[in-house]
Amino acid sequence: MTEHTREQFDDVMVPNYAPGKIIPVKGEGSRVWDQDGREYIDFAGGIAVNALGHAHPALVNALTEQGKKLWHLSNVMTNEPAIALAKKLTDLTFADKVFFCNSGAEANEAALKLARRHAFLNHGEAKHEIISTLSSFHGRTLFTVSVGGQAKYKEGFEPTPGGISHVPYNDLAALRDQISDKTAAVIVEPIQGEGGVTPATQEYLEGVRQLCDEHDALLIFDEVQSGVGRTGHLYAYEHYGVTPDILSTAKALGGGFPIGAMLCTDAVAPSLAIGTHGSTYGGNPLACSVSLAVLDELTKPGVLDAVQAKSERYKAGLAALNEKYGIFKDIRGLGLLIGAELTDEWQGKAKDFLGAALEQGLMMLVAGPNVIRFAPSLIIPDADIDEGLAKLDAAIAQVLGR
Ligand SMILES: *Cc1c(COP(=O)(O)O)cnc(C)c1O
């Protein structure tokens with residue numbers, strides 16, 4: 001293959017992304033190599049996707065074995081991996097039924113459409129309103145940017161779907177004021193990911209559940225980022241002990257292979273009757289085989305239990321860096337979804353640290369302009385955490401000019 005350069009990206013791609021200055025070509029575990037053979041420690045995990053790191057043998061095996069057998073049929077036929085995966089997801093969670101798709105936005109699209117249709121069928125068309133939270137992120141389709149709580153993602157795309165309102169996150173009184181018998185559903189991320197790595201408080205999620213019950217509204221948890229082991233539980237709702245009616249999951253569900261799913265209870269599933277919704281690729285055998293392998297690995301004894309210790313190692317490491325440099329005003333998150341919020345002096349500068357880290361051989365993420373985000377492999381070795389934090393130390397020194 002001819003060698004392609006990062007500069008060529010700008011010639012041939014729509015300019016909606018601004019990727020880093022290097023082109024990665026290979027990964028193994030929590031390490032990645034670029035075209036020049038330079039090595040990077042991966043604290044980004046493909047945005048909370050590569051829960052088992054890169055090129056995990058069990059995933060490579062699932063992909064290649066299924067790849068030799070059957071890739072795709074469409075939903076005109078079902079297939080064994082899809083049934084096996086749905087069985088596994090329903091066994092492991094609150095859910096009774098599953099709808100498969102290919103991304104987080106699609107999982108939310110299915111969740112929101114199901115909620116509207118369920119209210120329509122059971123209460124009539126007046127009950128169609130959706131309440132979401134400010135700073136939330138639910139995907140980039142027109143419906144999901146409309147439900148998402150960040151105005152910048154809908155600017156210029158209006159008119160957007162109606163019947164949607166937003167209330168401040170972690171503010172139960174605001175939700176109490178907004179919710180009514182016209183509310184079809186409330187959608188919440190148990191931890192706001194893109195919005196700045198902000199976990200919900202315990203009282204908030206309990207209160208949201210109660211308000212939904214009082215108003216016959218469905219509770220949707222968007223666990224696209226917080227799910228599939230990220231918090232040390234398979235899904236974050238288990239951490240809170242608050243159960244939704246509908247849950248969307250994607251990102252780590254395929255460990256890097258595109259797949260999404262909408263999980264729900266038997267009480268609401270029938271509203272998505274034959275012909276009401278669909279996806280050509282959704283539930284294809286290739287994606288479902290890989291996802292089965294992801295869940296098999298993550299549910300092996302001890303794997304999710306180890307996430308908490310790794311989380312503490314990160315937070316201690318970040319606290320030590322903060323002792324040295326004093327650039328963070330908050331270090332927060334659950335499990336291996338961690339955010340470090342910059343002090344007022346460094347507001348808007350999260351990207352600068354990202355760039356310096358890449359130069360030092362470390363891949364990480366931002367969550368908005370002020371928060372550095374870490375969403376590494378859930379099985380990242382402690383040695384890689386330590387080595388990555390040392391690189392972050394060097395990157396901070398570089399930005400501060402020390
Ligand atoms: C990433 C994300 C989405 C969108 O997922 P895509 O696969 O990019 O469509 C939706 N909700 C949350 C909470 C996310 O983090």
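Select strand E5 (residues 129–133) together with strand E6 (residues 164–167): in this predicted model, the two strands run parallel and are joined by 4 bridges. To locate the register, display Thr133, which stands opposite Val167 in E6. Next add helix H6 (residues 142–147) to the selection; E5, H6 and E6 together form a β-α-β unit of right-handed sense.

Keep E5 on screen and bring in strand E7. The pairing of E5 with E7 is parallel and comprises 3 bridges. Here the residue pair to label is Ile131 and Val186, the latter in E7, which stand opposite one another. Strand E7 spans residues 183–188 and is mostly covered, with 6 of its 6 residues buried.

From E7, proceed to strand E10 (residues 218–222). These two strands also pair in the parallel sense, over 4 bridges. Select Val188 and then Phe221 in E10, its bridge partner.

Now move to helix H4, residues 80–92. Its 13 residues reach 18 Å from the first C-alpha to the last, close to the 18 Å expected at 1.5 Å a residue. Begin at the N-terminal end, where Asn79 acts as the cap: one of its side-chain oxygens lies 2.9 Å from the backbone nitrogen of Ala82.

Which residues of H4 are buried? Select Pro81, Ala82, Leu85, Ala86, Leu89 and Thr90 to show them. Viewed around the helix axis, these residues cover an arc of only 160°, which places them on the same side of H4. Turn to the other side of the helix, and Glu80 and Asp91 are found exposed.

What covers the buried residues of H4? Display helix H3 (57–69) and helix H10 (285–298), then strand E4 (97–101) and strand E12 (260–264); the cover includes these four elements.

For the final stop, select the open sheet of 4 strands in the order E13-E14-E17-E16, where the pairing is antiparallel. Strand E13 (328–334) and strand E16 (365–366) occupy its edges; each has a single partner strand, so one side of each is left without a neighbour in the sheet. Focus on E13 and strand E14 (residues 337–342), which run antiparallel and are joined by 6 bridges. Within this pair, label Arg332 and Gly339: Arg332 stands opposite Gly339, which belongs to E14. When inspecting side chains along a regular strand, note that they alternate between the two faces of the sheet.

Key:
Residues are numbered from 1 along each chain as its sequence is written. This is a predicted model: local features need pLDDT of at least 70, side-chain atom pairs count only at pLDDT 80 or more; totals for chains, interfaces and linings use all residues. Side-chain values use heavy atoms; hydrogens and water are left out. The expected span of a helix is 1.5 Å times one less than its number of residues. Buried means under 20% relative accessible area, exposed over 50%, partly exposed in between (1.4 Å probe, protein chains only). The arc is that of the directions from the helix axis to the C-beta atoms. Contact means heavy atoms within 4.5 Å. A polar contact is a pair of N or O atoms within 3.5 Å; within protein, one must be able to donate a hydrogen and the other to accept it, and residues adjacent in sequence count only if both atoms are side-chain atoms. Two strands pair if DSSP finds at least two bridges between them. A crossover is right-handed if, with the strands pointing away from the viewer, the path from the first strand over the helix to the second runs clockwise.
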